[in-house]
Amino acid sequence: MRAQQDGGGRAEEAEPGRRRWRTPRRRSASRGRRRRRPSLRIDYPRGGRRGVRRWLPSWRQLLLLGGAGTAVLTGLLAWFFVTTKVPEDLNSFATQQNNVYYWADGTEMARIGPTNRQEVPLDRVPESVQWAVLAAENATFYSDPGISVTGIGRAVSEMVTGGDTQGGSTITQQYVKNIYLNQRQDISRKLSEIVIAIKLDDRMSKQDILAGYLNTSWFGRGSYGIQRAAAAYYGKDVSELDPSEGAFLAAVLKGAGQYDPAVGPENRKRAEDRWSWILDRMVDVGKLSAAERARYTVFPEPRPQPKSAGLSGQVGYLVDMARAYVESHSDITPAQFDLGGHQIRTTFDKPKVDALAAAVQEATKGIDPDNREADRLLKVGAASLAPDGRIVALYGGPDYLKQGFNNANTTTVPIGSAFTPLVYAAGLGEGVQRQRDGARTPVAPTTTYNGDDGVNVMTPEGPYWGRDGKIAKTANDGKRSWGQVTLRSAVEQSVNGPLMQLGMDVGLDRVQKTATDLGVLPGSMGELVPAFGVGNSTPSAIRAADAYAAFGAGGRHADPYSVLSISRNGEPLALQLPATVQALPAAVAGEVDAALKGSVRDGAAKAVAEAGPGLAAKPGTTPDRTAGWIVGYGGQLSTAVTVFRADLKDMKLLSLEGVGGAAPDVPDTVLPTRIWTAYMKAAGGR
């Protein structure tokens, strides 16, 4: 078959066996032309791509970006390394000064100090004590370059992600922190610490670094350096410490506020656990034999912490409160605070502090613990606040030097029926819900409830059954039945049953929310059972007075505070002060205020009326008679007084029946009411 030729002369097969010609393709116009030079313009967003791919960088772009970023970061780190200087005088921070506390009027209240610090050469510190510290803090100290790469990576990662920033420091890095006394947890401070640690490790011997660390570290009890710590905790020279005592001192390096047994039983448990772990760790690193470890099975109890003579009477309680506020509301660490040089202007009004102490002393003259069993272990706590949260006075105990525990700040004593005004406020503000998933309905001061004693406590489904398998019932003081009473009358006359049921109708979670808004701390809230409405919670006298202050201030509330300002060597330091917020609607606060004033006028608190006009108050008792309260306000003061009996070793509460020789039927509110009345009369509500 013949081949046919197409227009281009190219042969193709027209039919089997034959070929025909096809026209050849034209060459592309661009073929053979000179290639264009690549453009310096970054192709982003990427041309020729559509949708999401247009915005996804190419691998070349990613490499370019990564390389540029690495170069910039390397340059910055190099610049930071070169420009970061090691301090010339590593011990210049150790100037010893007093911390001076002032009354609210600016007169001096107390002068605490100086800082305890005494350097010792490393050869005075027993090797076992040195290794107790190293085993606990940095076992690779003698072989590392002054930093821990893995620890730094972990710490930086946690800082970037907002996690815990306490990890990752070697002994050398901690020594750098001691030099600066700057505990800020940010990347800038961490980088400075790393650079200086590397330079120090190159400049100083390991022995000198360890000596510097042991002589500059804060061990609590106002002690800088292991020599003063040995004296503060054991009354010894550092050279006399054994491995067990050294392990305890290594434990408090973690934080004396958490590991000093003198602070409380929880601290003691933590200290014992860490002490034991450190001794085991010393065995693991080969610095204590198993046989010697077996000798140390009894915790080396430190001696009690001595108190400054300048803290006698109520002053010690006030100083402790002020210091705690500074440490929790500023960037000043305990170590920095113990260094001294601070001027602390407190909120405490000396005439009112004196008046409150005098009221307690006068009211308790008949207490005879030596000859009357019911008077033993009696405790009184009281606090008085201004509407803006300022703590103007408190009574923490008979004498700070004799009893360091602050009765005004305890959170172990139930407030009892003095809690019911908060339930009343929740009811007025939230309404009630008597049917599950039903609508909430409002209640008013005139809403009536069954005021009889022993009434079943109800839920939307029926009676409330307790864990004991019995139906919960209301319980009024003296088992008195009142018939139908209004909610306002229940508050005025201290009829507990209606307010217990009101709490159930409102919803105990909503009552809890109202109490929290008024300043009651979540950790002191009682279990959400019917007894919650009548005071199974345990707010301190400070927090109780603070909550009531809002009733007389149109619902405005501020958390309590004890420091107005702080400076160091005359330079003001930042201090967070609480903001005032609208915790309750003004109308609700006004109704609670009216009921509390009615309680003073012709109700359960009428015994305090002699203290002056315009007072509002509510007494409080507990079913088991373990606490007596009164909380109220007048003028510019809100004051709470609590009386209880307890052994401070275990805080087990005992009955108040018969205190002061009173007959069994005398209410437990008599003594706190006497104190409250005398104080408010002397203070004048100003």
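## Exercises on a predicted model

The side chain of Thr346 comes within 3.3 Å of the backbone nitrogen of Phe348, a distance taken, like every other value below, from a predicted model.

**Exercise 1. Describe the surroundings of Thr346, stating in which strand Thr346 is found and whether Thr346 is buried or exposed.**

Step 1. Begin with the secondary structure, where Thr346 belongs to strand 8, the run of residues 342-346.

Step 2. Turn next to accessibility: the relative accessible area of Thr346 is 0%, and because buried means under 20%, Thr346 counts as buried.

Step 3. Consider the polar partners of the side chain, which reaches the backbone oxygen of Tyr102 at 2.7 Å as well as the backbone nitrogen of Phe348 at 3.3 Å.

Step 4. Finally, list the residues that Thr346 touches once those up to four places away in sequence are set aside; among them are Tyr101, Tyr102, Trp103 and Ala104, together with Met109, Ala322, Ser562, Val563 and Leu564.

**Exercise 2. Work out how strand 9 and strand 10 are arranged, and in which sense they pair.**

Step 1. Strand 9 covers residues 378-385, and its pairing with strand 10 is antiparallel, with 4 bridges.

Step 2. To fix the register, take Ala383, which stands opposite Leu394 of strand 10.

Step 3. The connection is a hairpin in which 5 residues lie between the two strands, and Gly389 in the turn has a positive phi of about 95 degrees.

Step 4. Strand 10 itself spans residues 391-395, and since 5 of its 5 residues are buried, it is largely enclosed by the rest of the structure.

**Exercise 3. Establish how many residues of helix 7 are buried and which elements these buried residues pack against.**

Step 1. Helix 7 runs over residues 226-234 and is mostly covered, with 8 of its 9 residues buried.

Step 2. The buried positions are Ile226, Gln227, Ala229, Ala230, Ala231, Ala232, Tyr233 and Tyr234.

Step 3. These buried residues pack against four helices and one strand, namely helix 2 (127-137), helix 6 (206-216), helix 8 (243-252), helix 9 (256-259) and strand 7 (223-224).

Step 4. Beyond the helix comes Gly235, with a positive phi near 65 degrees.

**Exercise 4. Contrast the linings of the largest cavity and the second largest pocket by residue class.**

Step 1. The structure holds 1 cavity of 30 Å³ or more, and the space in the largest cavity is about 30 Å³.

Step 2. The residues lining this cavity are Ile415, Phe419, Leu422, Val520, Pro539, Ala544, Ala547 and Tyr548, and helix 19 (residues 541-549) supplies the largest share, 3 residues.

Step 3. Sorted by class, the cavity lining has 8 nonpolar residues, with no polar and no charged ones.

Step 4. The second largest pocket has a volume of about 1,100 Å³ and a lining of 43 residues, of which Asn476, Asp477, Gly478, Asn496 and Thr621 lie nearest its centre. Helix 17 (496-506) and strand 19 (616-621) are the elements that give two or more residues to this lining, and strand 19 gives the most, with 4 residues.

Step 5. Sorted in the same way, the pocket lining has 16 nonpolar, 16 polar and 11 charged residues, whereas the cavity lining has no polar and no charged residues.

How values were computed:
Residues numbered from 1 in each chain as written. Predicted model: local features only at pLDDT ≥ 70, side-chain atom pairs only at ≥ 80, totals over all residues. Heavy atoms only, no water. 1 Å grid on protein atoms, 1.4 Å probe; cavity = no way out; pocket = protein on both sides within 12 Å on 5 of 7 lines; lining within 4 Å. Points joined across faces, edges and corners; volume = space filled by probe spheres on them. Nonpolar A, V, L, I, M, F, W, Y, C, P; charged D, E, K, R; others polar. Buried < 20%, exposed > 50% of the residue type's maximum accessible area, 1.4 Å probe, protein only. Contact = heavy atoms within 4.5 Å. Polar contact = N/O pair within 3.5 Å; in protein donor to acceptor, adjacent residues only side chain to side chain. Pairing = 2+ DSSP bridges.
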